[in-house]
Amino acid sequence: MTGGDFEIVILTQGKNKLKPPPMYKILLLNDDFTPMEFVLDVLKIFFSMSQEQATRIMLKVHTEGVGVCGVYPSDIASTKVDQVVNFARKNQHPLKCVMEEN
Ligand code: TYC
C-alpha cells in the first residue's frame, strides 16, 4: 500500500473533561510581636510584592487580623507556607501563615 491518506477520528463520549486544579489561598495572620518591617520582607521575598503592595497587605492584616497574600495550587501553596513559617521561626518571630482551599 503506497501513499494512502488516512484520517484518524477519535470519538469520545461521556465525562472526559479536565477540571482545573483546586486552588489555595495563603493567609497571613496578625500578632502583636512580629515587626511590620519583617512582614514587609516576607511579602516581598516570598510573594514578589512591591513595597506598595506589601505595605497595603501588611496594614490590612494589622488592622483586620487576616489577609490574603496569594492563591496557588496545593504543592506551591504548601511550599510557600513552609518557607514563610521557617523564615519567621529562624528570626524568632511568631508570625502565622496558613493555607485554605479557595
Ligand atoms: N501587628 C504587628 C505589629 O504591630 C504587625 C503585623 C502585621 C504582624 C501583620 C503580623 O501578619 C502580621 N508589630
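**Ligand contacts**

I looked first at D31: one of its backbone N or O atoms lies 2.7 Å from a nitrogen atom of the ligand. I call this a polar contact, meaning a pair of N or O atoms within 3.5 Å; within protein, one must be able to donate a hydrogen and the other to accept it, and residues adjacent in sequence count only if both atoms are side-chain atoms. The model is predicted, so I keep its limits in view: local features need pLDDT of at least 70, side-chain atom pairs count only at pLDDT 80 or more, and totals for chains, interfaces and linings use all residues. Residues are numbered from 1 along each chain as its sequence is written, and side-chain values use heavy atoms, with hydrogens and water left out.

T34 also offers a backbone N or O atom, 2.9 Å from a ligand nitrogen. N30 uses its side chain instead: an N or O atom there is 2.8 Å from a nitrogen atom of the ligand. I then checked cover. The ligand has 350 Å² of accessible area on its own, and the protein covers 89% of that (Shrake-Rupley method, 1.4 Å probe).

**Shell**

I listed the residues around the ligand (a heavy atom within 4 Å). They are L29, N30, D31, T34, M36, V39, M58, V61, H62 and L95. Six are nonpolar, three polar and one charged. Here Ala, Val, Leu, Ile, Met, Phe, Trp, Tyr, Cys and Pro count as nonpolar, Asp, Glu, Lys and Arg as charged, and the others, Gly among them, as polar. Helix α2 gives the most to the shell, three residues. I took helices as DSSP runs (H or I, at least four residues), numbered from the N terminus.

**Aromatic pairs**

I counted three aromatic pairs (ring centres within 6.5 Å; planes under 30 degrees apart are stacked, over 60 edge-to-face, the rest tilted). F38 and F87 are stacked, 5.1 Å centre to centre with 15 degrees between the planes. F38 sits in helix α1 and F87 in helix α3 (residues 74–90), so this pair ties together parts 49 residues apart in sequence.

Which geometry do the rings of F46 and F87 have, stacked or edge-to-face? Their centres are 5.4 Å apart and their planes at 70 degrees, so the pair is edge-to-face. F38, F46 and F87 form one aromatic cluster. F38 is buried at 8% relative accessible area, and F46 is buried at 14% (buried means under 20%).

**K80**

I ended at K80. K80 lies over the face of Y72, 5.3 Å from the ring centre. K80 also lies over the face of F47, at 5.7 Å. The rule needs NZ of Lys or CZ of Arg within 6 Å of the ring centre and within 35 degrees of the ring normal.

How values were computed: Helices (H or I, at least four residues) and strands (E, at least two) are DSSP runs, numbered from the N terminus. Rings of Phe, Tyr and Trp (its six-membered ring) pair if their centres lie within 6.5 Å; planes under 30 degrees apart count as stacked, over 60 as edge-to-face and the rest as tilted. Buried means under 20% relative accessible area, exposed over 50%, partly exposed in between (1.4 Å probe, protein chains only).
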